[in-house]
Amino acid sequence: VIGISNFVWNSMANYRIAKTIKEKYPECLIVFGGQASPNADRIGNFFKKHPYVDIIVHGEGEIVFKNILLEKLNGGNYSIIKGITYNTKKEYISTQTEDRIKDISEMPSPYLNGLFDNLMENKADDFVFEATIETTRGCPYSCTFCEIGSKYFIKLSKMENQKVFKELDWISKNKIEFFYNADSNFGLFPEHLEYTKYAVNLKKKNGYPKTFRTDWAKSKADKVIELAKLFTDADMDKGMTMALQSMNSKTLKAVKRKN
């Protein structure tokens with residue numbers, strides 16, 4: 001089984017990789033997820049164009065992918081798995097939507113559960129690693145052009161503070177140079193100031209992480225500027241993004257978006 005996170009910046013490479021794997025290992029179950037994979041109501045001719053893909057996971061993948069792995073062991077009746085579209089080679093079948101994960105803090109951390117410890121202990125000196133942390137999942141906005149702007153993701157789920165701090169400690173201890181915050185609106189909540197100060201202090205203390213990147217909150221300009229300045233002063237980031245989509249009022253109305 002191989003699971004592939006499919007996004008606009010890596011989809012062409014993913015298709016080549018998946019096709020090559022399927023040609024060499026025809027029995028390998030290839031599972032796609034991520035925002036560049038089509039929603040259940042937009043499958044169209046996806047499986048005709050990419051017949052080497054067996055399953056698409058829609059929405060959050062942690063629980064769904066676990067269920068796929070378990071069912072793979074039990075015989076492969078994927079019709080009982082929620083949150084997927086699977087290819088039977090004759091047709092594709094979409095199942096019922098899986099419920100959102102209520103508490104993302106309950107999801108295991110590969111940093112904290114020891115999964116990467118051996119990798120860190122045996123890495124080559126010239127290897128430079130990056131890490132990803134997600135402190136808040138979902139987005140309260142409903143921008144028409146954005147996949148995460150769907151109703152499925154509109155409710156927000158937060159990571160508990162201590163778990164975020166522990167992951168940042170792991171990143172600093174293992175000298176990870178760059179970490180990406182995967183939130184859609186960093187700066188939206190007061191906790192984000194705590195995370196910023198914590199990361200900045202770790203760099204001052206240990207030299208790591210050296211740099212940082214995120215997608216900033218769209219409607220909290222004063223808070224965002226405060227956080228961006230802390231990162232900039234620590235030479236961890238070069239600024240912030242502005243949520244300016246268009247200067248055309250008709251366009252903004254059509255995509256249900258304000259600047």
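Here are some questions and answers about a predicted model of a protein chain.

Q: How many helices and strands does the protein chain have?
A: Let's start with the inventory. This predicted model is built from both kinds of element, and the count for the protein chain comes to eight helices and 10 strands.

Q: Why does the radius of gyration of the protein chain agree with that of a compact globule?
A: The protein chain has 259 residues, and a compact globule with that many would have a radius of gyration near 18 Å. As for the C-alpha trace, its spans along the principal axes are about 60 × 55 × 30 Å. The chain's own radius of gyration agrees with the globule value because it is 20 Å.

Q: What percentage of the 259 residues count as buried?
A: Here a residue is buried if its relative accessible area is under 20%. Going through the 259 residues of the protein chain, the share that counts as buried is 41%.

Q: Which strands are at the edges of the open sheet with the order β6-β9-β10?
A: This sheet has three strands with parallel pairing, and its twist averages 20° from one strand to the next. An edge strand here is one that pairs on one side only, and that picks out β6 (130–133) and β10 (211–213).

Q: Which residue in β10 is the bridge partner of Phe179?
A: β9 and β10 run in the parallel sense and pair over three bridges. Phe179 has its bridge partner in β10, and that partner is Phe212.

Q: Which element gives the largest share of the lining of the largest cavity?
A: The whole structure holds three cavities of 30 Å³ or more, and the largest has a volume of about 60 Å³. Among the residues lining the largest cavity are Phe179, Tyr195, Ala199 and Phe212. Elements giving two or more residues to that lining are α5 (161–173), β9 (178–181) and α6 (191–206). The largest share, three residues, comes from α6.

Q: How many residues in the lining of the largest cavity are charged?
A: The lining includes Ile133, Val164 and Leu168, along with Thr135 and Asn181. Sorted by class, it has nine nonpolar and three polar residues, and the number of charged ones is no more than what the count says: no charged.

Q: How many charged residues does the lining of the second largest cavity have?
A: The second largest cavity has a volume of about 40 Å³. Its lining includes Thr136, Pro140, Asp183 and Phe189. By class, there are four nonpolar residues, four polar, and charged: one.

Definitions and conventions:
Residues are numbered from 1 along each chain as its sequence is written. This is a predicted model: local features need pLDDT of at least 70, side-chain atom pairs count only at pLDDT 80 or more; totals for chains, interfaces and linings use all residues. Side-chain values use heavy atoms; hydrogens and water are left out. On a 1 Å grid over the protein atoms alone, a cavity is a set of points where a 1.4 Å probe fits but cannot get out, and a pocket is an open set with protein on both sides within 12 Å along at least five of seven lines; lining residues have an atom within 4 Å of a point. Grid points are joined across faces, edges and corners, and a volume is the space filled by probe spheres set on the points. Helices (H or I, at least four residues) and strands (E, at least two) are DSSP runs, numbered from the N terminus. Ala, Val, Leu, Ile, Met, Phe, Trp, Tyr, Cys and Pro count as nonpolar, Asp, Glu, Lys and Arg as charged, and the others, Gly among them, as polar. Two strands pair if DSSP finds at least two bridges between them. Axes are lines fitted to C-alpha atoms, for helices over the stretch in contact, and angles run from 0 to 180 degrees between N-to-C directions. The radius of gyration is taken over C-alpha atoms; the globule rule is 2.2 Å times the number of residues to the power 0.38. Buried means under 20% relative accessible area, exposed over 50%, partly exposed in between (1.4 Å probe, protein chains only).
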